[in-house]
Amino acid sequence: MALVSTEELSDTESCNSIASDISHSERQIVSGGVEIQEGLHSDISSIGEACEGVTVDNVPSDSDSEGQDSLPRSGGDTDNSTTSDVNIGAPSIFNSIIKELSNGIDSDFSVSKGELLLMTLSAHQQNRWTNKSLSPIVPGTQFLVDKLLFNEDAAGITRHFFCYNCGKDFGTLHNVSEVLCENPRCKALNLAANHKKWRYYVSFDVVPQLEALLNKNGVMEHLVNPKERIDQNCESTIRDVYDGEMYKNFVNKFCVSNDIRYLSFTLNTDGIALYSSSNGSIWLILLMLNELPPVLRMQNLLIGGLWFGNDHPIMDLFLSSIVKQLNKLSNTFQLKIHRNLMDFQAFLIAACVDSGARGSVQGIATHSGFFSCNWCLVPGFYNGDKVVFPITIPTPQLRTHAQLFEDSKNALTLRVPASLSSLEKAELTHGARFVCEFFHLNSNSFDCVNGFVVDALHALDHGVARQCMKIWSDSESEHHFITPAKELTLDTYVDMLKPPVEVRKFPRKISDRAIYILSRKEISVANLDIADALLVKFIQKFQDDYSHTNMSFNVHLVLHACKTVKNWGPLWAVSSAYAFEAGNGDVKKLLHSAHGAANQVCRNLSHRICRSLLEHHFSSNQTKSYELSIQPKKPMKKCVSAGSTHFLKSPLPFTPIPEEEYLCEELNIDPSDCMIYMKVIKDNMLIKSTCSRRSNNCVFETIDDKIVRFTKLLFDSKKREGYGFCHELLCNSVIRLPSGLGPLAPKDECVRKVITSSAELRLIPLTNVRMVCCLTELPHGRSSESNHNSMIAI
């Protein structure tokens with residue numbers, strides 16, 4: 001966006017357009033035609049004063065401007081002193097505007113070239129400009145822009161070439177136009193001029209990304225010390241990955257020095273379809289830093305590798321580069337954090353990979369083959385055109401790290417008779433096909449069996465749940481019972497739902513309440529045992545009701561969900577691919593055209609890494625202020641804050657009724673110090689006193705396990721505290737556990753039936769609110785004509 005110049009003004013331009021351009025240019029900072037926000041502020045203010053009082057009637061129409069000469073160009077050899085003379089015939093308002101634009105910028109604002117470049121790249125990333133658009137902004141040609149920002153060496157980007165025919169690794173090549181494969185069985189000629197015969201994948205250096213991440217504002221302060229964290233663990237409660245048995249084993253084995261900061265990673269690799277009209281895809285290696293709090297670690301993923309093409313990666317080749325990096329990181333290395341050198345060691349301890357890729361990463365059969373379970377030796381058998389995994393007695397033996405290594409070595413050396421069936425061949429090596437690349441990690445920090453986790457996203461949420469809906473809705477299925485009429489009824493129920501605004505999407509189906517237990521913020525050991533028993537019963541009943549033909553790979557994985565939680569914490573900690581899917585989506589947004597996808601991704605990732613390095617060296621108050629100014633978020637207007645609680649919109653006076661006055665008196669609250677607010681945000685939860693047409697944020701669970709519905713929200717300006725008038729919703733449990741399993745505590749129940757709403761009004765501090773609930777009314781009774789309603793609070 002260029003500055004508005006007098007060369008571009010004509011008598012047909014409206015004052016509104018000019019003011020709009022000026023307002024927009026106030027937000028731009030451009031190097032080479034530089035626009036500085038602070039420097040323009042005073043000038044823009046004076047222009048705004050000149051524009052006050054101008055209406056549409058002041059702006060000449062097209063007919064009024066006919067026959068008038070356009071404004072002469074000012075600039076070049078034109079003297080600024082003639083400005084008032086060259087505007088004869090134009091409305092007087094333009095004279096003052098042009099005078100203001102002709103004046104120099106009088107400002108003490110000064111920034112370095114690095115700061116200007118950093119602010120430019122911030123606008124580039126925020127607005128998703130193309131790389132070509134940087135050329136007019138950053139001085140020089142596109143070549144010079146690439147030289148500055150698309151520096152593969154500086155960004156730690158390395159291209160690894162391999163044979164397009166057999167996959168033989170050629171290593172890194174420079175200035176080579178063709179390579180003859182040395183594999184005696186291949187001898188293919190790889191030509192750089194033919195993109196189909198010139199294949200490579202890309203690795204990214206993790207160290208500069210890690211250093212840039214830890215230098216971000218507030219990140220290092222939140223970094224967890226593993227040894228201190230597990231010392232604080234409560235043996236009876238699982239709250240995060242640090243409470244898992246595998247993480248504790250990692251800390252006890254490797255975190256031995258007090259002078260080194262220890263880090264651990266969870267790895268993910270998955271494919272992203274680039275276009276619906278072709279088979280082209282890219283595969284990423286992403287790393288998540290476990291020692292950060294959940295939100296921070298899920299929003300700040302590191303990129304380790306990139307594979308692109310029409311086929312799946314050769315996994316042992318693709319993973320070899322990240323394994324080499326991790327071997328280096330397992331030895332002590334130094335990072336410059338806030339101008340101080342610190343010693344670190346980093347290890348890979350977990351991998352969250354979906355079922356389609358987990359087998360090829362682990363070195364065993366994929367999910368459609370025999371002995372393809374990643375955690376046990378269930379064989380499976382063919383049923384029609386697929387392999388199914390019914391419950392077997394006795395329970396299948398669990399895999400171990402050592403056994404998998406032996407099976408993998410045997411798979412490479414064993415001569416298999418051709419007369420054997422597919423099941424018999426698979427049984428010889430228990431499904432192992434090659435040695436997993438993670439066996440080559442020097443530190444032995446990664447368990448090639450228990451280091452993999454059940455992916456809750458693909459196996460449970462999109463796996464079992466989707467399969468159940470397919471069985472119930474498929475008209476050709478013998479278990480089909482969702483008829484078109486019932487489907488219409490279900491749609492009516494969905495329309496009646498009023499979830500809180502925190503629910504971004506409606507859940508399609510919850511396969512069992514046990515999954516809710518495994519996804520809670522806190523999971524007691526007793527509840528983990530209950531969840532395990534419930535899931536086993538669910539699988540048994542699933543097989544009884546829908547026969548062994550529907551015992552798919554995803555259904556079998558449900559049996560291993562509790563072991564994953566025991567090893568790695570709640571399902572959301574490292575066992576869910578939601579964060580990695582979001583990271584994949586961010587990378588896909590870097591593509592602007594269908595051609596040269598690999599170069600586009602590498603170029604944009606290089607820009608992102610270079611920007612992180614610039615932030616490390618040039619971040620200042622000016623750059624941070626500018627980055628905040630271009631964010632699309634709407635600022636909260638008329639907001640009153642008290643700690644982490646924010647009271648929104650204009651307040652209303654509080655005139656209490658006798659009952660409310662009595663409750664205020666009990667809590668030593670002076671009604672004259674209080675105001676009524678319609679919306680409150682507490683710890684990122686929205687609290688309202690009235691529900692809207694589509695959402696209901698009035699119902700909450702309190703710290704004493706009560707369900708309340710707020711009717712009025714108060715802010716005490718003297719105490720700087722928030723309160724809420726509410727009615728308690730009296731609930732009954734709707735969960736009936738099998739005999740032998742203890743009852744769940746009220747806070748562990750995901751669904752409760754509301755019997756009635758208490759008539760007694762209560763006044764509670766907003767600090768007592770624990771979580772938001774979903775309240776809806778559903779019809780019940782023996783006939784569809786029943787007018788009775790029951791409420792369910794979730």
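Two strands count as paired when DSSP finds at least two bridges between them. With that in hand, here are some close-up views of this predicted model.

**View 1. Strand S5 sits between two partners in an eight-stranded sheet.** The sheet is open, its pairing is mixed, and its strands follow the order S2-S1-S5-S9-S8-S7-S11-S10. Strand S2 (169-171) and S10 are the edge strands, each pairing on one side only. From one strand to the next, the twist averages 30°. On one side of S5 (residues 199-204), strand S1 (residues 157-162) pairs with S5 in the antiparallel sense over six bridges. On the other side, S5 is joined to strand S9 (residues 302-309) by two bridges, and this pair also runs antiparallel. Look for Ser203 here: Thr158 has Ser203 as its bridge partner in S5, and Ser203 in turn has Gly305 as its bridge partner in S9.

**View 2. Both faces of strand S5 are covered.** How many of the six residues of S5 are buried? Six of the six are, so the strand is mostly covered, buried meaning under 20% relative accessible area. Arg199, Tyr201 and Ser203 are buried on one side, while Tyr200, Val202 and Phe204 are buried on the other.

**View 3. His338 marks the turn from strand S10 to strand S11.** S10 (333-337) and S11 (340-351) pair in the antiparallel sense over five bridges. Within this pair, Phe333 stands opposite Phe344 in S11. The loop between the two strands holds His338, which has a positive phi of about 50° although it is not a glycine. Most residues other than glycine have a negative phi. Is His338 buried or partly exposed? His338 is partly exposed, with a relative accessible area of 40%.

**View 4. A four-stranded antiparallel sheet carries Asn684 in one of its loops.** This open sheet has the strand order S15-S16-S19-S20. Strand S15 (640-642) and S20 form the edges, each pairing on one side only. Neighbouring strands are turned by 20° against each other on average, direction ignored. S15 and strand S16 (residues 645-648) pair over three bridges in the antiparallel sense, and Ser641 has His646 as its bridge partner in S16. Asn684 is found in the loop between strand S19 (679-682) and strand S20 (685-688). Asn684 is not a glycine, yet its phi is positive, at about 70°. At 75% relative accessibility, Asn684 counts as exposed.

**View 5. A cis peptide bond joins Ile393 to Pro394.** Its omega is near 5°. Most peptide bonds are trans. Where should you look for Pro394? Pro394 is in the loop between strand S13 (386-388) and helix H15 (401-413).

**View 6. The second largest pocket holds about 800 Å³ of space.** Its lining has 39 residues, and those closest to the centre of the pocket are Asp532, Leu559, His560, Cys562 and Lys563. Which elements supply at least two residues each to the lining? Strand S6 (237-238), helix H11 (245-254), helix H20 (525-546) and helix H22 (561-568) do. By class, 19 of the lining residues are nonpolar, eleven are polar and nine are charged.

Methods: Residues are numbered from 1 along each chain as its sequence is written. This is a predicted model: local features need pLDDT of at least 70, side-chain atom pairs count only at pLDDT 80 or more; totals for chains, interfaces and linings use all residues. Side-chain values use heavy atoms; hydrogens and water are left out. On a 1 Å grid over the protein atoms alone, a cavity is a set of points where a 1.4 Å probe fits but cannot get out, and a pocket is an open set with protein on both sides within 12 Å along at least five of seven lines; lining residues have an atom within 4 Å of a point. Grid points are joined across faces, edges and corners, and a volume is the space filled by probe spheres set on the points. Ala, Val, Leu, Ile, Met, Phe, Trp, Tyr, Cys and Pro count as nonpolar, Asp, Glu, Lys and Arg as charged, and the others, Gly among them, as polar. Buried means under 20% relative accessible area, exposed over 50%, partly exposed in between (1.4 Å probe, protein chains only). Axes are lines fitted to C-alpha atoms, for helices over the stretch in contact, and angles run from 0 to 180 degrees between N-to-C directions.
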